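Q: I am new to this structure and would like a close look at a single part of it, with some account of what surrounds that part. Please take it slowly and connect the pieces as you go.

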Amino acid sequence: MRCTSKIELRDVEEMYINIDPIQAGGRLTADAMKAVIAYGDGYSVCDNCRKPFRLDYIKKPPIADFHQDLAEFVGMDAARVVPGARRGFQAVAGTYVQKGDPVMLTGLSHYTEFIAVENAGGVPLEIPKNEANIITADAAEARIEEAEKTFGRPPVLLFIDQVDYQYGNLHEVKEIARVAHSHDIPVLVNGAYTVGIMPVDGKALGADFVVGSGHKSMAAPAPSGVLATTSERAEEVFRTTKIKGDVTGRTFGIKEVEMMGCTLMGVTLMGMMASFPHVQERVQHWDEHLENSRLVVDALRSIEGTEVRSELPRRHTLTRVDTTGSFDRVAETHKKRGFFLSSALKKKGIMGVIPGATKVWKFNTYGITRAQAEYVAQAYTEIAEEHGLSVVSP
């Protein structure tokens, strides 16, 4: 079956257990799929756009209410929907970073945070991770003090990932925010892997800004995301335009500069809104998802030669694993080489591990049921035993 003569039907979610590290929290709900069909046209949400002609003022569909609900959902005062987390980073960097300004990131920051800083002309300074792959407040303090000596002033902004994309580790966000604020540095918390799958309270974390990803963790179409902030920072990052045409004298009302007027609209916004009630409910079951993840992690650790590179016990469902001493040994002599593992998993109805990866790779079990987690765990140990690897208790 095909969508068109040249576009194949995608049936990954229907036919397989998908443990792809970046797709797990973004798979659409049934309500989102219905919204995608109903609101697929480009300006479909604009039927009832009235003065002052801005997206977050539209009442039908209830986009205005959704913005307030989003802010409350992440424990902040104001929110805007954006085309992906990266546009949230860009909006904040565009507000606070000038050419030559020092900006704190971390050794585990996502590349889009670096690009946001580069786009604004800032100078990136990384807080290093420790041996356990955790970003600590002590390390942040040391780098901030070093930056102050070098630049003669504190950094203008600090990015910290609540959970990083490489190891899926939780970092000392609250403590780092406290350190940053003692130096008058605003803090952006990257919740791309937390907002929408686990409870997040931005103010409790000490965040000035919380950024989330709709397509990564909020069961929304791509590209979508949220930028939330405090009432104190809202007037800065959501400032309205002051520009005026020199010939026509035109002005542009209350359009927001960093949002380029209106941002997320149509199918992405409506898919995000349709999934939101499910997202609000599912974050209350985070512990169940975590237990399912630990079950799979324990099974992998039972395979001799396999090491988990993420922190233990696991506090997130995204995990980095090193199978150089197990599955990669099999790959050395297998006729399919490194592709034997993804091939064996696919035969068992499991997808998401990068084809060819048998050394260091990631997976994410978020959203699968207990029965599916037990099946995935069993599949890994079965594949190991089928290829002569020992399975022992971790």
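**A close look at strand E7**

A: In this predicted model, strand E7, which spans residues 209-213, is mostly covered, with five of its five residues buried. In a regular strand, side chains point by turns to one face of the sheet and to the other. In E7 both of these faces are covered, since Phe209, Val211 and Ser213 on one side are buried, and Val210 and Gly212 on the other side are buried as well.

The strand also has pairing partners. Strand E6, made of residues 187-190, runs parallel to E7 and is joined to E7 by three bridges, and within this pairing Leu188 stands opposite Phe209. Strand E8, made of residues 225-229, runs antiparallel to E7, and five bridges join the two; here the bridge partner of Val210 is Ala228 in E8. Phe209 thus faces Leu188 in one pairing, while Val210 has its partner in the other.

From the strand we can turn to the open spaces of the model. The largest pocket holds about 750 Å³ of space, and of the 30 residues that line this pocket, Gln23, Gly26, Arg27, His215 and Ala220 are the closest to its centre. Helix H1 (12-15), helix H4 (85-96), helix H5 (111-120) and helix H9 (214-217) are the elements that each give two or more residues to this lining, and the largest share, three residues, comes from H4. By class, the lining of the largest pocket consists of 14 nonpolar, eight polar and eight charged residues.

The second largest pocket has a volume of about 170 Å³ and is lined by 14 residues, among which Ile350, Met351, Gly352, Val353 and Pro355 lie nearest its centre. Helix H14 (339-347) and strand E11 (350-351) each supply at least two residues of this lining, with the largest share, three residues, coming from H14. Seven nonpolar, four polar and three charged residues make up the lining of the second largest pocket.

Finally, there is an enclosed space to consider, for the structure holds one cavity of 30 Å³ or more. About 50 Å³ of space lies in the largest cavity, whose lining is formed by Leu55, Asp56, His67, Arg80, Glu256, Met259, Gly261, Cys262 and Thr263. These lining residues divide into three nonpolar, three polar and three charged.

Terms used. Residues numbered from 1 in each chain as written. Predicted model: local features only at pLDDT ≥ 70, side-chain atom pairs only at ≥ 80, totals over all residues. Heavy atoms only, no water. 1 Å grid on protein atoms, 1.4 Å probe; cavity = no way out; pocket = protein on both sides within 12 Å on 5 of 7 lines; lining within 4 Å. Points joined across faces, edges and corners; volume = space filled by probe spheres on them. Nonpolar A, V, L, I, M, F, W, Y, C, P; charged D, E, K, R; others polar. Buried < 20%, exposed > 50% of the residue type's maximum accessible area, 1.4 Å probe, protein only. Helix = DSSP H or I, 4+ residues; strand = E, 2+ residues; numbered from the N terminus. Pairing = 2+ DSSP bridges.
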